[in-house]
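Biologist: Please take a close look at one part of this model, the salt bridges. Then place that part in its wider setting, with the packing and the pockets.

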Amino acid sequence: MLRVRDLHAYYGRVHALKGVSLDVEEGEVVALLGNNGAGKTTLLKVVSGLLPPTSGTIEFMGQRIDGLAAERIVRLGVSMVPEGRRVFAQSSVRENLELGAYTRSDKAAVRLELADVMSRFPILHTRSSQLAGTLSGGEQQMLAIARGLMSRPRLMMLDEPSLGLMPTLVQEVFRMIRSIRDEHLTILLVEQNARKALGVADRAYVLETGEVLLQGSGEELQNNDRVRRAYLGGS
């Protein structure tokens, strides 16, 4: 579904991605691990069209998307749930969800999608008229994920969905990720909680200073000594 080859990108003079290559197959959950500054979020921004690559190629469903506008990439079926939730604080929960479907013209289908999302996330139904900025952190994360689903993506990219949440809410976020995976939606997941990420991932890549250091199945990387020492607290 997603094919990235020899991708390079800069933030100003900082060489943030240094020849990254990876694949995401349809129906997979693929995790990106690495310390802060490794290039994980940069990679998501480049794939989603928010940051232009300096070289390399990105293909989605066989079509080159590097260089396309972010809106066009969303229309093709790529949705990104950004780090920090980024909800529209002064808009209601319902309005945030409707904004997630701004690229869609099938209004009747959008109404059905909204009803489906509300049933999947009952707390959002309960708070549908509440301003998004007044929700708790966990509720805002649910809203951000639900808003991402409203575009009816084929590939959903999640950037640090459990960041800053209490342990019980982290469990809930990963329950949601498993639920989305079980519906055969493809997921590219950036997550600091490596143990949780590898537990849900089919495959994973470890990035270090803008380069792919390791790759393998979730199980293989859980048992990799280097990964255990660096990310899982093992010896």
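**Salt bridges and their surroundings**

Modeller: Start with arginine 5. Its relative accessibility is 30%, so arginine 5 counts as partly exposed, since that class lies between 20% and 50%. Bear in mind that this is a predicted model.

The partner of arginine 5 is aspartate 23, and their closest N and O atoms are 3.1 Å apart. Arginine 5 sits in strand S1, residues 2-11, and aspartate 23 in strand S2, residues 14-24. The salt bridge therefore ties together parts that lie 18 residues apart in sequence. Arg3 also belongs here: together with Arg5 and Asp23 it is linked in a network of salt bridges. Across the whole structure, the search finds 13 salt bridges.

Two more of them lie within helices. Take aspartate 116 and arginine 120. They form a salt bridge whose closest N and O atoms are 3.9 Å apart. Both residues belong to helix H4, residues 107-120. They are 4 residues apart there, so about one helical turn separates them. What is the exposure class of each partner? Aspartate 116 is partly exposed, because its relative accessibility is 36%. Arginine 120 is partly exposed too, at 23%.

Helix H7, residues 167-182, holds the other pair, glutamate 172 and arginine 175. Here the closest N and O atoms of the salt bridge are 2.7 Å apart. The two residues are 3 apart in the helix, so the separation is again about one helical turn. Glutamate 172 has a relative accessibility of 25% and counts as partly exposed. Arginine 175 has a relative accessible area of 41%, which puts it in the partly exposed class.

Now the packing. In soluble globular proteins, nonpolar side chains tend to be buried together. The largest nonpolar core in this model has 46 residues. Within that core, Leu97 and Phe121 touch the most other members. Beyond its neighbours within four places in sequence, phenylalanine 121 is in contact with Met142, Ile145, Ala146, Leu149 and Met176. A second core is separate and has 29 residues, including Leu2, Leu32, Ile65 and Ile73.

Next, the pockets. The largest pocket has a volume of about 520 Å³. It is lined by 19 residues, and Val74, Met80, Pro82, Tyr102 and Arg147 are the closest to its centre. Helix H2 (70-76), strand S6 (78-81) and helix H6 (137-149) each give two or more residues to the lining. S6 gives the largest share, 4 residues. By class, the lining has 11 nonpolar, 5 polar and 3 charged residues.

The second largest pocket holds about 180 Å³ of space. Its lining comprises 16 residues, of which Asn36, Gly37, Lys40, Thr41 and Glu83 are the closest to the centre. Helix H1, residues 40-47, supplies the largest share of that lining, 3 residues. The classes here are 5 nonpolar, 7 polar and 4 charged residues.

Back to your request, then. Aspartate 23 and arginine 5 link two strands. The other two pairs stay inside their helices, one in H4 and one in H7.

Technical notes
Residues are numbered from 1 along each chain as its sequence is written. This is a predicted model: local features need pLDDT of at least 70, side-chain atom pairs count only at pLDDT 80 or more; totals for chains, interfaces and linings use all residues. Side-chain values use heavy atoms; hydrogens and water are left out. On a 1 Å grid over the protein atoms alone, a cavity is a set of points where a 1.4 Å probe fits but cannot get out, and a pocket is an open set with protein on both sides within 12 Å along at least five of seven lines; lining residues have an atom within 4 Å of a point. Grid points are joined across faces, edges and corners, and a volume is the space filled by probe spheres set on the points. Ala, Val, Leu, Ile, Met, Phe, Trp, Tyr, Cys and Pro count as nonpolar, Asp, Glu, Lys and Arg as charged, and the others, Gly among them, as polar. A salt bridge is a side-chain nitrogen of Lys or Arg within 4 Å of a carboxyl oxygen of Asp or Glu. Buried means under 20% relative accessible area, exposed over 50%, partly exposed in between (1.4 Å probe, protein chains only). A nonpolar core is a set of buried Ala, Val, Leu, Ile, Met, Phe, Trp, Tyr and Cys residues joined through side-chain atoms within 4.5 Å. Contact means heavy atoms within 4.5 Å.
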